[in-house]
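Student: I should like a close look at one part of this model, followed by its setting in the rest of the chain. Please begin with the pocket.

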Amino acid sequence: MSWELLLWLLALGALLALLVQLLRFVRADGDLTLLWAEWQGRRPEWELTDMVIWVTGASSGIGEELVYQLSKLGVSLVLSARRVQELERVKRRCLENGILKEKDIFVLPLDLTDRSSHEAATKAVLQEFGKIDILVNNGGQSQRSLCVDTNLDVFKELMELNYLGTVSLTMCVLPHMIERKQGKIVTVNSLLGIISAPLSSGYCASKHALRGFFNCLRVELAEYPGIVISNICPGPVQSNIVKNSLTEEVTKSVGIDTVQSHKMATSRCVRLMLISMANDLKEVWIADHPFLLVVYLWQYMPTWAWWLTNILGKKRIENFKNGLVRPIYTILNQSCSKVWHFLVLENFLVTLHHDVRIVSPMQICWFTINYYWSWRKKFLQGKKSYIAILSSTLPD
């Protein structure tokens with residue numbers, strides 16, 4: 001075999017590898033590090049068995065689904081939330097569908113805003129099971145209101161619940177993990193802990209604070225490699241988070257069921273969370289496109305991201321003021337054209353980075369051509385406006 005033929009074969013192999021990676025990215029519903037772990041990493045069924053896992057916010061949404069999937073892995077569960085009846089309902093379903101017995105599930109009512117109770121709650125878990133292997137900080141609440149119209153009590157409540165309550169419980173569990181020199185602290189954050197969106201100023205602030213705190217804590221615990229700090233950042237997921245969101249007053253919530261068809265299935269989100277937990281990933285992004293594309297944009301091209309956010313934000317605020325849960329889709333030819341060409345630029349993310357969140361030149365070419373013609377055709381046919389979709393469904 002000649003050297004020239006060998007080089008051609010190597011080049012062909014590299015090209016095929018790039019095409020496979022491109023297809024994975026186009027179909028991705030999580031960052032590339034997470035998807036690699038799903039493909040080649042450790043399985044939750046191998047890594048999480050026989051562990052004691054404490055889940056807050058376990059009465060609904062992501063927390064409820066997480067408990068159901070964990071119940072099939074042979075773990076011991078601690079279920080915490082404020083609504084005792086809902087926790088008992090979740091426990092009954094775990095016993096019906098999982099492989100756990102009554103003694104394997106401990107229902108522990110907990111109010112994250114009552115920080116004085118966290119120490120006693122931690123002692124109760126240790127007395128029940130003797131250890132805490134994983135703490136999943138999932139409790140929290142969102143917001144839907146303009147900043148200028150929002151009472152300061154709303155911001156206080158969001159910080160108390162989403163940030164200070166989570167930090168307080170973590171600080172109670174942490175000494176036990178340091179003593180054992182092992183453990184996992186998994187915090188369900190949000191894409192809005194990375195980016196920002198209008199109508200969620202207090203929620204964004206609390207989630208940004210969480211991300212900063214746990215990133216700092218991870219560094220401070222570097223001398224304990226057995227203690228893993230993980231930030232889980234999901235985009236829109238099917239749940240009641242919007243319905244239960246606070247508005248301009250702390251006593252008022254949205255109270256309206258919103259369209260969920262564009263959101264990721266809760267079961268898929270939780271499966272990717274379990275993959276992250278099994279592989280000790282430090283931070284993961286879980287979202288379908290276009291939300292995943294947007295967060296990559298914020299990571300690598302923040303100036304352009306601000307420009308796009310201003311366009312989408314104005315539309316979202318306009319819809320909110322008009323009382324629209326979701327906008328009436330119209331063709332905004334000029335705006336859509338600008339946003340589309342901008343989204344093509346988003347693919348130019350080729351930046352040296354310590355992570356594998358990198359798009360190759362071949363990916364850029366293929367992805368740009370494919371998406372340009374597909375979305376151009378949809379715009380010309382009068383399909384739903386891309387900008388309208390984004391402006392109404394920014395992640396929670």
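Student: Which element provides the largest share of the lining of the largest pocket, and how many residues come from it?

Tutor: The element is helix 4, which provides 4 residues, the largest share of the lining of the largest pocket. The model is predicted, so local features need pLDDT of at least 70 and side-chain atom pairs count only at pLDDT 80 or more, while totals for chains, interfaces and linings use all residues. Residues are numbered from 1 along each chain as its sequence is written, and side-chain values use heavy atoms, with hydrogens and water left out.

The volume of the largest pocket is about 890 Å³. Among its 38 lining residues, Gly57, Ser60, Asn138, Gly139 and Gly140 are the closest to the centre. Two or more residues of the lining come from each of helix 4 (61-70), helix 7 (152-180) and helix 8 (201-220). By residue class, the lining consists of 21 polar, 11 nonpolar and 6 charged residues. Here Ala, Val, Leu, Ile, Met, Phe, Trp, Tyr, Cys and Pro count as nonpolar, Asp, Glu, Lys and Arg as charged, and the others, Gly among them, as polar. A pocket is an open set of points on a 1 Å grid over the protein atoms alone, where a 1.4 Å probe fits, with protein on both sides within 12 Å along at least five of seven lines; lining residues have an atom within 4 Å of a point. Points are joined across faces, edges and corners, and the volume is the space filled by probe spheres set on them.

Around this pocket, the chain contains 14 helices and 7 strands, which are DSSP runs numbered from the N terminus (helices H or I, at least four residues; strands E, at least two). Of its 396 residues, 53% are buried. Buried means under 20% relative accessible area, exposed over 50%, and partly exposed in between (1.4 Å probe, protein chains only).

Helix 7, already named for the pocket, is joined to strand 5 by a loop that contains Lys181. Although Lys181 is not a glycine, its phi is positive, at about 60°. Lys181 counts as exposed because its relative accessibility is 57%.

In strand 5 (residues 183-188) lies Lys184, whose partner Asp280 sits in the loop between helix 9 (266-278) and strand 7 (283-286), so the pair ties together parts that are 96 residues apart in sequence. The side chains of Lys184 and Asp280 form a salt bridge with an N to O distance of 2.2 Å. A salt bridge is a side-chain nitrogen of Lys or Arg within 4 Å of a carboxyl oxygen of Asp or Glu. Lys184 is buried because its relative accessible area is 12%, whereas Asp280, at 29%, is partly exposed. Asp280 also has a positive phi, about 55°, and it is not a glycine. Together with Arg42 and Glu47, Lys184 and Asp280 are linked in a network of salt bridges.

The salt bridges number 16 by this rule. One of them joins Glu86 to Arg89, with the closest N and O atoms 2.9 Å apart. Both Glu86 and Arg89 belong to helix 5 (residues 84-97) and lie 3 residues apart, about one turn of the helix. Glu86 is partly exposed at 26% relative accessible area, and Arg89 is partly exposed at 29%. Another salt bridge links Asp133 with Lys131 at 3.2 Å, N to O. Asp133 is buried, with a relative accessible area of 8%, while Lys131 is partly exposed at 26%.

Beyond strand 7, the loop that leads to helix 10 (291-300) contains Pro290. The peptide bond between His289 and Pro290 is cis, with omega about 10°.

Strand 2 (residues 76-80) contains Ser76, which is buried because its relative accessibility is 16%. Apart from neighbours within four places in sequence, Ser76 is in contact with Met51, Val52, Ile53, Asp104 and Phe129, where contact means heavy atoms within 4.5 Å.

Finally, the cysteines may be considered. The whole structure contains 0 disulfides, a disulfide being a pair of cysteine sulfur atoms within 2.5 Å. Cys216 is partly exposed at 41% relative accessibility, whereas Cys269 is buried at 0%.
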